[in-house]
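Here are a few exercises to work through with the model open beside you. Try each one before reading its solution.

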Amino acid sequence: MNPVKFYLVTDTHYFEPSLGASGKAFEDYMKKEQYFMLESSDIVKATFEKIAADDTVDLVLIPGDLSKNGEYESHKSFVKELNRLKEAGKKVFVLTAGHDYGEKSRAFVNDERIEVDGTPFKELREIYADFGYSQALAVDESTLSYIAEIAPGVRLLAINCDSEGNPKGKVDERLEGWIKIQLDEAKKDGCSVVAMCHYPMIPSVPVFDLVGDAKLKDWRRTASFLADNGVELILTGHMHIQSINEYVSENNNKIFDICTACLVGSPAKYRKIIIDGDALNVESINVPDFGVDTKGLTLQEHFDNQFAYSIRNRILDALNGGKGAVKALKGFGKKVL
């Protein structure tokens, strides 16, 4: 593959704070939220400023869950941050996912959870026109998947498997057919292809093969299809975990899945990736200081504490209720926890 280097940032979950993020309802919500909502805008700004300052890399890829939960104002504000990257000389390519559209967006005002304007899926292409779609060689209008040249002889295949036009978390036969056309065209033009998808292609850990939402549905079939058609690397997110996994098809073709963590929650990292021929260098970078008072903790401990706090509260909530032996067993579980 021709040389290419880029930053990979996933699951930014950007929330526009002016919508409202305070009060008792918000505090109760954050008891079970794994990542920071109110601080997400500051985290994104600090990270993008650091990326903008690196004049050795001019490419940034972001595979989905751009907003907290599809708030229209969050998208508007996030685009402003993307434009700052663009003004710093960066080319930015994004992909949308399930948290980026819908009509059930919420904020928190005066101790209540309130409705705010959401974002219809059909409007996402226009909102992010300057960050992938206007540069695309082809767009699948049904899913907003696209393919674009990101470096000389290198194309990005952005696969949207979390849209209104495709079964959630799956590359169906229709989308696979569209992808095949793009890969054949790239091969004819002598171009290599790097793929990007919100859902992990390969389960990050073996047990995730049993969890429906932890990877693409029928992932072995899709991984084999991509590998056998010349795709050796796919960039993913969604599971808020850091992993690099390899899959080998029956035809002995390999594909690597680089799954990157949520930017605004533990482990709060992003990647700097360099591809040069057969060499692949992946650097994981911690979120920079964004001005939060960590009360004596390190920044990493601050992120980890919120994650542990939310998981503990979710488990405690699950252990409530029941009758008889079930209630007794749940009570014992709470004591153990």
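Before starting, one term: buried means under 20% relative accessible area, exposed over 50%, and partly exposed in between (1.4 Å probe, protein chains only). This is a predicted model, in which local features need pLDDT of at least 70 and side-chain atom pairs count only at pLDDT 80 or more, while totals for chains, interfaces and linings use all residues. Residues are numbered from 1 along each chain as its sequence is written, and side-chain values use heavy atoms, with hydrogens and water left out.

**Exercise 1.** Work out the strand order of the seven-stranded open sheet and find which strands stand at its edges.

*Solution.* Start with the elements: helices (H or I, at least four residues) and strands (E, at least two) are DSSP runs, numbered from the N terminus. Two strands pair if DSSP finds at least two bridges between them. That gives the order S6-S7-S8-S9-S10-S12-S11, with mixed pairing. Strand S6 (138-140) and strand S11 (243-248) each have a single partner strand, so one side of each lacks a neighbour in the sheet. Now zoom in on S8 (residues 154-159) and S9 (residues 192-197): they run parallel and are joined by six bridges. For instance, Arg-155 has Val-193 in S9 as its bridge partner.

**Exercise 2.** Which residues of helix H7 are buried, and how are they placed around the axis?

*Solution.* H7 covers residues 299-318, 20 residues in total. Pick out the buried ones: Leu-299, His-302, Phe-303, Gln-306, Ser-310, Asn-313 and Leu-316. They span an arc of only 165° around the axis, so they sit on the same side of H7. The arc here is that of the directions from the helix axis to the C-beta atoms.

**Exercise 3.** Take the salt bridges of Lys-76 and Lys-254, and say for each partner whether it is buried, partly exposed or exposed.

*Solution.* The criterion is a side-chain nitrogen of Lys or Arg within 4 Å of a carboxyl oxygen of Asp or Glu. The structure holds 17 such salt bridges. Lys-76 meets Glu-73 at 3.7 Å, N to O. Both lie in helix H3 (residues 72-87), and because they are three residues apart, about one helical turn separates them. Lys-76 is partly exposed at 41%, and Glu-73 is partly exposed at 34%. Next, Lys-254 meets Glu-246 at 3.5 Å, N to O. Lys-254 is partly exposed at 44%, and Glu-246 is partly exposed at 41%. Elsewhere, salt bridges that share partners tie Lys-24, Asp-28 and Lys-31 into one network.

Key:
Expected span 1.5 Å × (residues − 1).
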